[in-house]
Amino acid sequence: MLADLHIHSCLSPCASLEMSPRLIAATAAAKGIRLAALTDHNSARNTPAFAETCRTVGIQPLFGMEVTTVEECHVLTIFDKLEQAAAMEQWVAASQPREPLNLKFFSDQPVVDAEENILEMIDYYLGAATTHSIESVQRQTHKFDGIFIPSHINRAAFSVESQLGFLPPGTYDAIEVQPQVLKQYQRRYPHLPVITASDAHHPDQIGAAPIELPLSPPVTIDRLRTALATLALQKNADC
Ligand SMILES: [Zn+2]
Ligand SMILES: [Zn+2]
């Protein structure tokens, strides 16, 4: 099952306003993606529309966020139930400063429905760092029965390597890297599932760098966790 576990919608301040949940679902389906996670910056408000639209095109939806930790690292927190994502969002939003959104540098942050109607505009900058540490987001994600994946850890900004210089010890369900360093990081972290994802902010990026997972519908978080773990075991067997 082809999966893209890191996609931004129009709700993210740095994403194209074309990225409605409806367009994401249709584009991902056309590219053969069958499992997709919506992971906007510090908000899960577009996940209900994503759930609705994915089901009409045969995609198994997952609901999450890309949280900016107090260290200014990006980390993915992903759930299989809307209520869990909403509970996580409440916990995240309560710790986020309400910096006004600067439209000189960022785009509007609309919450939309499955028919692309705007329900609300979020007027504070969703990309701002929360007061939660990496470890604390990890703990809270697992408490709500989600998957925790540090994002693009090799990237030169907003990654554990750019901010800390290393991957701190932790309970990671996987780590995400950019595709060009996948093999290098598989060798560096043989005990961890190393994944790629599109981190799509624009329609033409959706479904880029997907991963193939040994899964079939229905996908639950437990089954996803097991499938991810299998990737690391396969890597160890290859060594
Ligand atoms: Zn990121
Ligand atoms: Zn991202």
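## Salt bridges, zinc ions and a sheet

Asp145, Asp173, Asp222 and Arg225 are linked in a network of salt bridges. The model is predicted, and a search of the whole structure finds 8 salt bridges. Two other topics follow: a pair of zinc ions, 3.4 Å apart, with Glu66 coordinating both, and an open sheet formed by 6 strands.

**Salt bridges around Arg225**

- Side chains of opposite charge can pair when their charged atoms come close.
- Asp173 and Arg225 form a salt bridge in which the closest N and O atoms are 3.1 Å apart.
- Asp173 sits in the loop between helix H5 (160-163) and strand E8 (175-176), while Arg225 belongs to helix H7, so this pair ties together parts that are 52 residues apart in sequence.
- Arg225 also meets the side chain of Asp145 in a salt bridge, at 3.9 Å from N to O.
- Asp145 is found in the loop between H4 and E7, and Arg225 in helix H7 (residues 221-238), so the bridge ties together parts that are 80 residues apart in sequence.
- Asp173 has a relative accessibility of 9% and counts as buried, because buried means under 20%.
- Asp145, at 31% relative accessibility, counts as partly exposed, and so does Arg225, at 25%.

**A salt bridge within one helix**

- Arg139 forms a salt bridge with Glu135, and their closest N and O atoms are 3.7 Å apart.
- Both residues lie in helix H4 (residues 134-143), where they are 4 residues apart, about one turn of the helix.
- Arg139 has a relative accessible area of 52%, so it counts as exposed, a class that starts over 50%.

**The zinc ion (ligand 1)**

- Its protein donors are Glu66 (OE), His74 (ND1) and His152 (NE2), which lie 2.1 to 2.3 Å from the ion.
- Along the chain, the donors of the zinc ion (ligand 1) follow the spacing E-x7-H-x77-H.
- Glu66 is buried, at 1% relative accessibility, and His74 is buried as well, with a relative accessible area of 7%.

**The zinc ion (ligand 2)**

- The zinc ion (ligand 2) is coordinated by His6 (NE2), His8 (NE2), Glu66 (OE) and Asp199 (OD), at 2.0 to 2.2 Å.
- The angles among its 4 donor atoms run from 82 to 174°, and the site is irregular.
- A tetrahedral site would need all angles to lie between 85 and 135 degrees, so the range of 82 to 174° does not qualify.
- In sequence, the donor residues of the zinc ion (ligand 2) are spaced H-x1-H-x57-E-x132-D.
- Two of these donors link distant parts of the chain: His8 is in the loop between strand E1 (2-7) and helix H1 (21-30), and Asp199 is in the loop between strand E9 (194-195) and strand E10 (211-212), 191 residues apart.
- His8 counts as buried at 0% relative accessibility, and Asp199 counts as buried at 15%.

**The sheet**

- The 6 strands of the open sheet come in the order E7-E4-E3-E2-E1-E10, and their pairing is mixed.
- Strand E7 (147-150) and E10 are the edge strands, each pairing on one side only.
- E1 pairs with strand E2 (residues 35-41) in the parallel sense, over 3 bridges.
- Ile7 stands opposite Leu38, a residue of E2.
- Helix H3 (residues 82-93) packs on the sheet, where it touches strand E3 (60-68) and strand E4 (74-79).
- The direction of helix H3 makes about 10° with that of E3.

Notes: Residues are numbered from 1 along each chain as its sequence is written. Chains are lettered from A and ligands numbered from 1 in the order in which they are written. This is a predicted model: local features need pLDDT of at least 70, side-chain atom pairs count only at pLDDT 80 or more; totals for chains, interfaces and linings use all residues. Side-chain values use heavy atoms; hydrogens and water are left out. Donors are N, O and S atoms within 2.8 Å of the metal (3.2 Å for Na, K and Ca); water is not among the atoms, so sites may look incomplete. Buried means under 20% relative accessible area, exposed over 50%, partly exposed in between (1.4 Å probe, protein chains only). Four donors count as tetrahedral if all angles lie between 85 and 135 degrees; four count as square planar and six as octahedral if opposite donors are over 155 degrees apart and all others between 65 and 115; anything else is irregular. Helices (H or I, at least four residues) and strands (E, at least two) are DSSP runs, numbered from the N terminus. Two strands pair if DSSP finds at least two bridges between them. Contact means heavy atoms within 4.5 Å. Axes are lines fitted to C-alpha atoms, for helices over the stretch in contact, and angles run from 0 to 180 degrees between N-to-C directions. A salt bridge is a side-chain nitrogen of Lys or Arg within 4 Å of a carboxyl oxygen of Asp or Glu.
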